[in-house]
Amino acid sequence: MLRALANNLVLSYSLGALPDDGPIERLHRLAPVCQSTSSSLGVKILVLWFSFVSYTNTWLHLKDALLDGDNAFKKAHGMTLFEFLGTNIRFSKVFNDALSNYSTITMKKMLENYNGFDGLSTLIDIGGGTGQTFNKIITKYPTIRGVNFDFAHVIKDAPKYDSIN
């Protein structure tokens, strides 16, 4: 697992010898992409989300779900992901923070090159989570009025942004 994370630049490593001239081992640490800074939230929360047992157990049911045409999360937990999020506050918070973080990282890059929001007056985000995507769009296009539509348990904890209802 550590080598996979290092190969995907989530971790970095150096080689070090164990005490008493033991074998050389890899010493892993978080790569720069995982470090939170004032300009980036990093990907720490994404790694935390992907390590949740409730998430990883879903993969054990993927083959059966594909063969049956069913939902892997539902097979693993007896309910859909979004139903589960409404019942587990900690899991829901990590999920929402991970998606918010991912949206922040990707939208920042996308808005550097994409001009498709020019001329729009209203934008509706269905499944908009806590509004991070809208915040990025409206920061660049302050004349757009945004409507964030999501589950009540998601929106109740969302921060308030100007121009987003």
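Is His153 buried, exposed or partly exposed? Hi everyone, let's start with that one. This is a predicted model, and in it His153 has a relative accessible area of 24%. Buried would mean under 20%, and exposed would mean over 50%, so at 24% His153 counts as partly exposed.

Where does His153 sit? You'll find His153 in helix 9. Have a look at Gly86 too: 67 residues separate Gly86 from His153 in sequence, yet their C-alpha atoms are 6.6 Å apart in space.

Now, on to the pockets. The largest pocket has a volume of about 310 Å³. It is lined by 18 residues, and those closest to its centre are Ser92, Lys93, Asn96, His153 and Asp157, so there is our histidine again. Two elements each give two or more residues to this lining: helix 7, which covers 89-113, and helix 9, which covers 152-155. Helix 7 gives the most, with six residues.

What kinds of residue make up that lining? Nine are polar, five are nonpolar and four are charged.

Let's finish with the surface. There, Tyr13, Leu15 and Ile24 form a nonpolar patch, and together they have about 340 Å² of accessible area. If you want to find this patch on your screen, start from strand 1, residues 11-17, where Leu15 is found. Is Leu15 buried or exposed? The cut-off for exposed is over 50%, and Leu15 has 61% relative accessibility, so Leu15 counts as exposed.

That's my tour, and thanks for listening!

Conventions:
Residues are numbered from 1 along each chain as its sequence is written. This is a predicted model: local features need pLDDT of at least 70, side-chain atom pairs count only at pLDDT 80 or more; totals for chains, interfaces and linings use all residues. Side-chain values use heavy atoms; hydrogens and water are left out. On a 1 Å grid over the protein atoms alone, a cavity is a set of points where a 1.4 Å probe fits but cannot get out, and a pocket is an open set with protein on both sides within 12 Å along at least five of seven lines; lining residues have an atom within 4 Å of a point. Grid points are joined across faces, edges and corners, and a volume is the space filled by probe spheres set on the points. Helices (H or I, at least four residues) and strands (E, at least two) are DSSP runs, numbered from the N terminus. Ala, Val, Leu, Ile, Met, Phe, Trp, Tyr, Cys and Pro count as nonpolar, Asp, Glu, Lys and Arg as charged, and the others, Gly among them, as polar. Patches are made of residues with over 30% relative accessible area and no salt bridge: like charges are joined within 9 Å, nonpolar side chains (Val, Leu, Ile, Met, Phe, Trp, Tyr) within 5 Å. Accessible areas come from the Shrake-Rupley method with a 1.4 Å probe; for residues, only the protein chains shown count as cover. A salt bridge is a side-chain nitrogen of Lys or Arg within 4 Å of a carboxyl oxygen of Asp or Glu. Buried means under 20% relative accessible area, exposed over 50%, partly exposed in between (1.4 Å probe, protein chains only).
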